[in-house]
Amino acid sequence: MRIDIDAVSVDVAGARLVHDITLRADSGRVVGLVGPNGSGKSTLLRCAYRALRPAAGTVRLDGADLHAMGVREGARHLAALPQESATEFGFTAAEVVAMGRLPHQRGSGRPSAADLRVCEDALDRTGAAHLAGRAFLSLSGGEKQRVLIARALAQEPRVLVLDEPTNHLDIAQQLELLALVRDSGLTVLTALHDLNLAAVHCDELYVISGGRIVASGAPHDVLGPELLAEVFGVRAHRVPHPETGAVQLLFDRLPARTDAPTTP
Ligand SMILES: Nc1ncnc2c1ncn2[C@@H]1O[C@H](COP(=O)(O)OP(=O)(O)OP(=O)(O)O)[C@@H](O)[C@H]1O
């Protein structure tokens, strides 16, 4: 399933935070959204998983307007991993994952044996099966993240929208999670801070700065030293991985910009 973000602007509390963004993730592609803190990544993604309505533009799934769909229908197509989520109080990890089945359930709302199998499979795939009986709030940050990803997978969506999915995960878990996401075959739109991980795991990248897309394309075409200096304020060196030859980025701080606005 394809997701099109078409000329989307987003206003929050009377301020325009996202300006006229057009972005497309074709079926089965992993598309990364990278940009500095406060550049608008989460705001755009919140609009893509319909926690926010766009002030202008549309989000479409295979051409159908997501914000015009029923909530359950939208949730059968698209699952999200928000950056923060506060709805899990008082639930076990297994119950949190079972919430992912709600868009598929009718009648009593009780999970069927088939629903439970899907949930178990999702917990297995994210290496979180041993956490099933634990109170969600008692889990570590990384454990919570794995359970929330299991919930998204249990939803059996065709599109995944992930806001910093590697948050709280140790390096091995980060690599594992991104491989899992990639191998899922789903269409993925994900914000990532780690540019090396983004370059390796994404088919395409969009760079956002000041609420606007400033570059897009194949990762190593996009992540050039000039753009990284301009957008992230760092000096980047591109070096080949000693075994695979894949380009890796090494970073230094740039001297403070003399054209930066000064505070009185
Ligand atoms: N409810 C709000 N009211 C006012 N400003 C907001 C609100 N939500 C977000 N912002 C501002 O909008 C800008 C974009 O925020 P957003 O969370 O989308 O950035 P981000 O790129 O995801 O940042 P980070 O990398 O730090 O997570 C920031 O300056 C933020 O302070």
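Let me begin with one pair of residues, because in this predicted model V207 stands opposite A215, a residue of strand β10, and from that pair we can work outward to the rest of the chain.

V207 belongs to strand β9, which covers residues 204-209, and β9 is joined by 5 bridges to strand β10, residues 212-217, with the two strands running antiparallel. If you follow the chain through the hairpin that these two strands form, you pass 2 residues between the strands, and you will find that G210 takes a positive phi near 60°.

On another side of the pairing pattern, β9 also pairs with strand β3, residues 30-34, this time in the parallel sense and over 4 bridges, and within that pairing G32 stands opposite L205 of β9. Strand β3 has a further partner, since 4 bridges join β3 to strand β8, residues 187-191, and these two run parallel; here the bridge partner of L33 is A191 in β8. Is β3 mostly covered, or is it mostly open? The strand is mostly covered, with 4 of its 5 residues counted as buried.Let us turn from the strands to the ligand. Which residues surround the ligand? The list is V12, A13, L17, G35, N37, G38, S39, G40, K41, S42 and T43, and when we sort this shell by character, it divides into 3 nonpolar residues, 7 polar ones and 1 charged one. Helix α1, residues 41-48, gives the most to the shell, with 3 residues.

Next comes the interior of the chain, and as background it is worth recalling that in soluble globular proteins nonpolar side chains tend to be buried together. In this model the largest nonpolar core has 71 residues, and those touching the most other members are A48, V97, V147 and V161. Helix α5, residues 141-154, gives the most to this core, with 7 residues. To see what such touching looks like for one member, take V161, which touches L45, A48, Y49, L78, A80 and L189 when residues up to four places away in sequence are not counted.

A second residue that deserves a careful look is L178, which is found in helix α6, residues 171-183. Why does L178 count as buried? The reason is that L178 has 24 C-beta neighbours inside 10 Å, and the cut-off for being buried is 20 or more. Leaving aside neighbours within four places in sequence, L178 is in contact with T166, L197 and H201. In the case of H201, the two residues are 23 apart along the chain, and their C-alpha atoms are separated by 6.6 Å.

Finally, let us step back to the whole chain. Its secondary structure comes to 9 helices and 12 strands, and 39% of its 264 residues count as buried. Among the contacts between residues at least 6 apart in sequence, 63% join residues that are at least 24 apart. The C-alpha trace spans about 65 × 45 × 40 Å along its principal axes. A compact globule of 264 residues would have a radius of gyration near 18 Å, and the chain has 19 Å, so the two agree.

How values were computed:
Residues are numbered from 1 along each chain as its sequence is written. This is a predicted model: local features need pLDDT of at least 70, side-chain atom pairs count only at pLDDT 80 or more; totals for chains, interfaces and linings use all residues. The radius of gyration is taken over C-alpha atoms; the globule rule is 2.2 Å times the number of residues to the power 0.38. A residue is buried if 20 or more other C-beta atoms lie within 10 Å of its own, exposed if 12 or fewer, and partly exposed in between; C-beta atoms are placed from the backbone. Two residues are in contact if their C-beta atoms, placed from the backbone, lie within 7 Å. A residue is near a molecule or strand if its C-beta atom, placed from the backbone, lies within 6 Å of it. Ala, Val, Leu, Ile, Met, Phe, Trp, Tyr, Cys and Pro count as nonpolar, Asp, Glu, Lys and Arg as charged, and the others, Gly among them, as polar. Two strands pair if DSSP finds at least two bridges between them. A nonpolar core is a set of buried Ala, Val, Leu, Ile, Met, Phe, Trp, Tyr and Cys residues joined through C-beta atoms within 7 Å.
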